[in-house]
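Thanks for sharing this one. Here are a few notes to read alongside the model, beginning with a charged side chain that caught my eye.

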Amino acid sequence: MVLNAAAQRGFQPILAVNEACRADIPEGWDVLPVFQYGFWGRKLRGEESSAPTFTEDDRSYLRLKYSSLGLLWAAAGDLGEFQHYNRSYPPTGRALDRIKSLSEIRPLVDLYLREDLARRNSTTPPEDWSAEERAQSYTALREAIRAALTSLKGKAPLERALASAAARNAILSDRQARDVGALHDLTDMAHKAAAFDQALCRVMESVRPTENDLFLYPTINYFELRGLKSVLDRESGAAAPSHHVILRRNVYSGYPGNFDSQEWDIHASRTALALLGDARRRTRIRFYTDTPALTHQYNLLGSTDFLTGPVPVDMVGRTRSGDAPSEDGDRRPTLIIYEAHDVQQARLFLEQLRAAAQDLSVPVVVNVVIRGEQCLYEFEVSGLDDHHGAVEVQFILPDQVDRIDADRFSTIVFGTWRDNYVRLALQAGERGRPVVVTANSWLARIRTRDARNFHDQALSDARTLSRAALPAASWNRYDFATGVSAAVAASDRLVVEDGAATTVDLAVATGADTVRLVMRRSPGVNSEGPLHLIAFFTSGEASGHSEGRHDLALVGGEDEDLSVVLPVPAGAARLSLSLCNFSQPAAIEIRAAEAVWLKAGRTVPALPGGLILPELVGDFRHSWITPLRNIEAAYASYARSAAEHLEPLELRKRILPPDRPLVLAYLGDAREEKGFHHLPDLMRATEADRTAPALILKSQVYYTSDYPEPACLTAAARLRSASRDRVTLIEGPLNSRDYARELLKSDAILIPYRRADYIARSSGIFSEALAGGIPVIVPTGTWMSAECDALTYGQHETLIARTDRTAMAQPAFHRLIGNQTAPMSAPSGRVPISRGALACAHFEIPDESDYIWITYRPDPNFRHVFTQFDISYQDNFENGREIAMVKRVLGGSTASTFSLLARVPRAARAIWFGIYNAFGFEHHELRDFTITFVRRGGRPLPETAGGVVYFSSDDEAASRNELAAAVLRLKRDYGTYAASAEAIQPIWAQRHDPQRLIELLELPFPATEPSDHARFTGADW
């Protein structure tokens, strides 16, 4: 995203990446794979080297390590820990004797190994050793054991014990053990800094930068800063370009009121930046963070001034990257999803399909969907899955449809429809695969409604040859029961009834290669049932045969335009049309029907993205095979329209629950700080809620650490065992395009991050969700909640301006300390706040109030402070009983006005609330404080812009309950929050456009050299 933005501003993008990088890089970019270590200091391995070479030496070593002797050897290496776990169940007999013997040898062996490692002067961490280095370590171990046995051989027991104790003391003295560990860690970090230094030098040699070039370090670690300083100090060419460093990690823990007590703990951060002070005199170097709170933290270090940049996002652009969809399907088979209630129904369908499939040019795969495990067994022993010519049959359960890879097929046919088929349908569209659906699916309704605009655009440059109005009097009615055909009476409406076909015969305009049929369903007709269209062309001769037959259905409500485009076969002279209304008790009324003959010069799909299956009773071939032949004949045009019509961002906005399940997504790696371990409990807590829409959790499962946290491993196992109707897992990381598509296909993004870790840190997933117009669920007291709060007042002001404000309360505030209250003396509209005391008020709720709306301006000196509101709803003003409690936290951003909106329970008659500093001890005040009661009819109001903010506390169990409540609140009012997120989407996307980062990088540097901060300069350190 950032390099694309840079290219648009005239820069030549050059991407320096890790040696293991296998990402999709845009064609034409220069890529330099130079770095060895990732941000977390791990040596990454690419796909080619992901499996380390495993040798016979490794096999022999591991066989010995995990043998009985090897386990006893491990026990002898730490007798204190072994005793702790085995005191109540001590080893006896030979095992104990062997431990005693090994405990004498082990210290000597460890001492010899330490000396060998120092002699080899190896700086590579053991986990990164090559096969040769591992073989050397095995040899050293064998020689150390021999040396230890030799040194003890022939000695008396006392001498042996003394020698062993001397070795143990040499190795295990506390201070020396710490020193050895410290030296190993320093050596490791120095090695990583040197690796970054060398990689950066390779970049300098390749690029040969000039003063007009920019070097951007989008995220960097402290050991990498050390490597950067070495390059800037040593390499003369490194001073030519400007260097731009973005730091994204916390310096301090907690909130600003607690920073003073952490000065010694953040010593490393201050040192890392202070050491660059000398380099800043010779080089143009600027530092950034991506949140105001982080900028405040780094500026407190006093080493240099930081700027705040955006969290760059371009979601729609990312979904369009990568390979274009295939337009010929590569002759891949057609997939049919068919749900069968019993073996006999499946047998009949498959027999008819096998007889008719010979008319298709590609093989057919049929996935017969079975209702349950027992039924699945009956189908598997039925013999129906025997391979038969061009038809392959598989039996699957409903939740397995979600696992099908659409890329394996040329066309996807849904013979039945379930809401959990949405993912496969969208995936097919993303890959440019036409989708054929039944008339009862939401996609059929959208496809028919979009056809008019789609055809207008597709035929915008076509030449119109003639138009033919089709009044009711030009049609005939053919009765299926009697076989009698009669003219339809003249009327302004054409009635299509059940049990009859309404037909018309048209002459093909000379030179036409396309005909467009446009109709409108009459207003006042409530039936939305499918209208079936049958069309075929004839040569017009007496013995002329029919060709180019089309069978499809159209779905639409009253007063909706219907549009169908058909190709005209060469030599065709006549077009016969039939409109049918099968099994619909209410007649379908059509008005303003018209046929437009065109010269298009290309094939245009009958409907965008695919077709809708007709329901022709007793005519299997034309119900199933004819639509597929029509798609095969114009596959390239259907493939292109599928990729456009099934674009996930646009469809997600239009297909709202409860028409389909609500997909709640957790994206990113599995870590406790990101709340992954809460997911199983969250799904269990929401399981009892049976109200529409259904809830599906979609979660990625992968780890960035070599040693995943046990709680996350347990959570992943629980999710894998959950019902596929409620949980969909994405195993492993995703590339940029697939990640963006998964995000945009979600209804809400779950971000249950640990509050303490994200007070100041940004979240790319949060920024991407808002840029995609998708609601989020985030914890209070974080950068994410502060950003939502900053956008809320403007949205509330706009929405509430269109509602009735029933009353404005002017309560008398009191100060509550312990059990003692006292009147609070403060100017009107100002509320003093402190941690040790509550500013509280008690007042009645006006009748017919739906919401309480609180607004205020923050103290300009304490914009970083979060303020907590505890709102207690009571059933009576005098001696009332609490019926509900709401806890809300606002603040932490640079917003000029904050807005709190809370729904009032129907039984509530009074409110008591307390206000205090949520996480600190700063004394501040709320200004222009107002309370308004709002009466709202119809759609509910969003309490927070862009999503739901849940109350997060230090009590993990309580936070989990609040998280579950937030999910149910978003589910209940999803339409409200979806509209809220969509409304702020352009604001957020503009604020965090990658172009804004490039503009920030291009700001001129000051003409004078940067002055040293008095306390912290490179020379001092």
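1. Have a look at Arg447 first, bearing in mind that this is a predicted model. Arg447 is buried, yet it has no salt bridge. The nearest side chain of opposite charge is that of Asp450, and it lies 8.1 Å away, while a salt bridge would need a side-chain nitrogen within 4 Å of a carboxyl oxygen.

2. What, then, does Arg447 touch? Arg447 sits in helix 17, which covers residues 442-458. Leaving aside residues up to four places away in sequence, Arg447 contacts Val435, Val436 and Val437, then the run Leu607, Pro608, Gly609, Gly610, Leu611 and Ile612, and also His645.

3. Now to the nonpolar interior. The largest nonpolar core has 93 residues. Those with the most contacts inside this core are Ile336, Phe349, Leu353, Val366, Phe414, Val515 and Trp597. Val366 is a good place to zoom in: its contacts include Ile336, Phe349 and Leu353, but also Glu392 and Gln394, not counting residues up to four places away in sequence. A second core, separate from that one, has 34 residues, among them Leu32, Val34, Ile220 and Ala279.

4. Helix 5 deserves a slow look from end to end. Helix 5 spans residues 93-120, 28 residues in total, and reaches 40 Å from its first C-alpha to its last, close to the 40 Å expected. Even so, there is a kink of about 30° at Ser103, shortly before Pro107. Both Ser103 and Pro107 are among the buried residues of helix 5, and so are Arg106 and Asp116. After the helix comes Asn121, with a positive phi near 55°.

5. Which part of helix 28 is buried? The buried residues are Pro994, Gln995, Leu997, Ile998, Leu1000 and Leu1001. Because six of the eight residues of helix 28 (residues 994-1001) are buried, this helix is largely enclosed by the rest of the structure. Its cover includes helix 1 (2-8) along with strand 3 (214-217), strand 4 (242-246), strand 5 (285-289) and strand 6 (306-308).

6. Finally, the overall picture. The protein has 28 helices and 39 strands, and 50% of its 1021 residues are buried. Among contacts with a separation of 6 or more, 78% are between residues 24 or more positions apart.

Definitions and conventions. Residues numbered from 1 in each chain as written. Predicted model: local features only at pLDDT ≥ 70, side-chain atom pairs only at ≥ 80, totals over all residues. Heavy atoms only, no water. Core = buried A, V, L, I, M, F, W, Y, C linked by side-chain atoms within 4.5 Å. Buried < 20%, exposed > 50% of the residue type's maximum accessible area, 1.4 Å probe, protein only. Contact = heavy atoms within 4.5 Å. Helix = DSSP H or I, 4+ residues; strand = E, 2+ residues; numbered from the N terminus. Lys, Arg positive; Asp, Glu negative; His and termini not counted. Expected span 1.5 Å × (residues − 1). Bend = angle between axes of the 7 residues up to and from the residue.
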